[in-house]
Amino acid sequence: MKVVLFCGGYGMRMRSGSADDVPKPMAMVGPRPLIWHVMRYYAHFGHTEFILCLGYGAHHIKNFFLNYEETTSNDFVLRGGRTELLSTDIADWTITFAQTGIESPIGERLRRVRQHLDGDEMFLANYADVLTDAPLPEMIDKFARRDAGASMMVVPPQSSFHCVDLAEDGLVGGITAVSDMPLWENGGYFVLRQEVFDHIPENGDLVADGCAQLAKQGRLVAHQHRGFWKPTDTVKERAALDDAYARGDRPWAVWERDKSGVSA
């Protein structure tokens with residue numbers, strides 16, 4: 001299945017105050033950017049056709065792949081001054097680079113790459129900035145058996161804040177951690193059918209428009225995931241993932257775990 005990755009936003013909460021225009025999916029986790037980790041996840045499950053919805057800082061993403069260094073993450077032999085790779089990351093990937101606008105909402109970005117989907121009944125989509133160990137084949141299989149237009153992975157609330165129950169007189173009736181409330185968040189991993197395009201207007205949004213309309217019609221399903229899931233909306237969150245990678249604690253790297261039996 002083709003994988004549409006939304007990687008054209010500004011990522012303002014990831015800005016460090018510099019004038020650099022590196023888009024959020026190019027923020028580094030270990031020796032590779034976020035988008036690489038997301039793509040390796042999909043490729044591990046056999047989905048190696050990618051459509052990148054570019055916008056802000058597109059040249060960074062293009063240059064990364066045009067000048068890709070396989071030796072950064074693969075073993076190799078240097079013989080007679082020539083490099084002989086023992087394995088590769090992206091040799092079997094097909095990547096379409098599509099400029100979808102600087103200011104475009106995600107729904108509009110999806111609309112602008114529809115022609116690259118070749119009319120496929122089902123396809124995958126992702127924000128390109130969230131890492132997970134979710135069982136993708138299970139997610140796809142469950143959706144394929146359902147009569148629905150879209151599937152959204154949902155996760156428990158990640159906030160460490162507390163909600164306060166107030167009476168009219170200002171007395172606190174109770175305090176509940178957000179993570180303990182019966183709520184679910186959009187996890188950013190989608191399985192979609194062409195039907196979703198019927199509900200996204202020009203300059204519309206995938207979730208607020210497309211998914212919301214499907215939900216009203218009873219045609220949106222959720223895949224609940226309680227395992228590893230980490231966003232990178234802020235510099236702090238990206239740094240935490242980078243530190244975890246350095247410690248060898250990277251449960252999202254399913255391509256390593258399934259090869260050795262444990263996450264490397």
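What share of the 264 residues in the chain do buried residues make up? The answer is 45%. The structure is a predicted model, and its secondary structure comes to seven helices and 15 strands. The radius of gyration is 20 Å, close to the 18 Å that the globule rule gives for 264 residues, so the chain is as compact as a globular protein of that length.

**Overall form and surface**

- Along the principal axes, the C-alpha trace of the chain spans about 80 × 45 × 40 Å.
- Among the contacts in the chain with a separation of 6 or more, 73% are accounted for by residues 24 or more positions apart.
- The chain exposes about 13,200 Å², and carbon and sulfur atoms supply 49% of that area.
- The chain carries 27 positive and 36 negative charges, and the mean positions of these two sets are 3 Å apart.

**Helix α1**

- Helix α1 covers residues 34–44, and 10 of its 11 residues are buried, so this helix is largely enclosed by the rest of the structure.
- The buried residues of α1 include the aromatic residues Trp 36, Tyr 41 and Tyr 42.
- Also among the buried residues of α1 are Leu 34, Ile 35, Val 38, Met 39 and Ala 43, together with His 37 and Arg 40.
- Just after α1, Gly 46 takes a positive phi of about 95 degrees.

**Salt bridges**

- Side chains of opposite charge can pair when their charged atoms come close.
- The structure holds 17 salt bridges.
- One of these salt bridges is formed by Lys 24 and Asp 233, whose closest N and O atoms are 3.1 Å apart. This pair links distant parts of the chain, its two residues being 209 residues apart. Lys 24 belongs to the loop between β1 (2–7) and β2 (28–29), whereas Asp 233 belongs to the loop between β15 (229–231) and α6 (235–247).
- Lys 24 counts as buried because its relative accessibility is 13%, under the 20% cut-off. Asp 233, with a relative accessible area of 24%, is partly exposed.
- Arg 79 and Glu 84 meet through their side chains in a salt bridge, at 2.4 Å from N to O. Arg 79 is partly exposed, its relative accessible area being 49%, and Glu 84 is likewise partly exposed, at 35% relative accessibility.
- A further salt bridge joins the side chains of Arg 250 and Glu 256, with an N to O distance of 3.0 Å. Arg 250 counts as buried at 11% relative accessibility, and Glu 256 is also buried, with a relative accessible area of 18%.
- Lys 2, Glu 49, Asp 118 and Asp 120 are joined into one network by salt bridges that share partners.

**Positive phi outside glycine**

- Most residues other than glycine have a negative phi, and most peptide bonds are trans.
- Asp 118 has a positive phi, near 55 degrees, although this residue is not a glycine. Asp 118 lies in the loop between α3 (106–112) and β8 (122–126). With a relative accessible area of 58%, Asp 118 is exposed. Asp 118 is also one of the residues in the salt-bridge network named above.
- Asn 203 is another residue other than glycine with a positive phi, here near 60 degrees. Asn 203 is found in the loop between β13 (185–193) and α5 (206–216). At 46% relative accessibility, Asn 203 counts as partly exposed.

**Two further positions**

- Gly 248 lies in the loop between α6 and α7 (254–260). Gly 248 is partly exposed, with a relative accessible area of 27%. The C-alpha atoms of Gly 248 and Arg 32 are separated by 14 Å, while the two residues are 216 residues apart along the chain.
- Ala 144 is part of helix α4 (residues 136–144). Ala 144 is partly exposed, its relative accessible area being 40%.
- Leaving aside residues up to four places away in sequence, Ala 144 touches Met 122 and Arg 193. From Ala 144 to Thr 48 the C-alpha to C-alpha distance is 19 Å, and these two residues are 96 residues apart in sequence.

Note on methods:
Residues numbered from 1 in each chain as written. Predicted model: local features only at pLDDT ≥ 70, side-chain atom pairs only at ≥ 80, totals over all residues. Heavy atoms only, no water. Salt bridge = Lys/Arg side-chain N within 4 Å of Asp/Glu carboxyl O. Helix = DSSP H or I, 4+ residues; strand = E, 2+ residues; numbered from the N terminus. Buried < 20%, exposed > 50% of the residue type's maximum accessible area, 1.4 Å probe, protein only. Rg over C-alpha atoms; globule rule 2.2 N^0.38 Å. Contact = heavy atoms within 4.5 Å. Areas by Shrake-Rupley, 256 points an atom, 1.4 Å probe, with all protein chains shown as cover. Lys, Arg positive; Asp, Glu negative; His and termini not counted. Charge placed at Lys NZ, Arg CZ, Asp CG, Glu CD.
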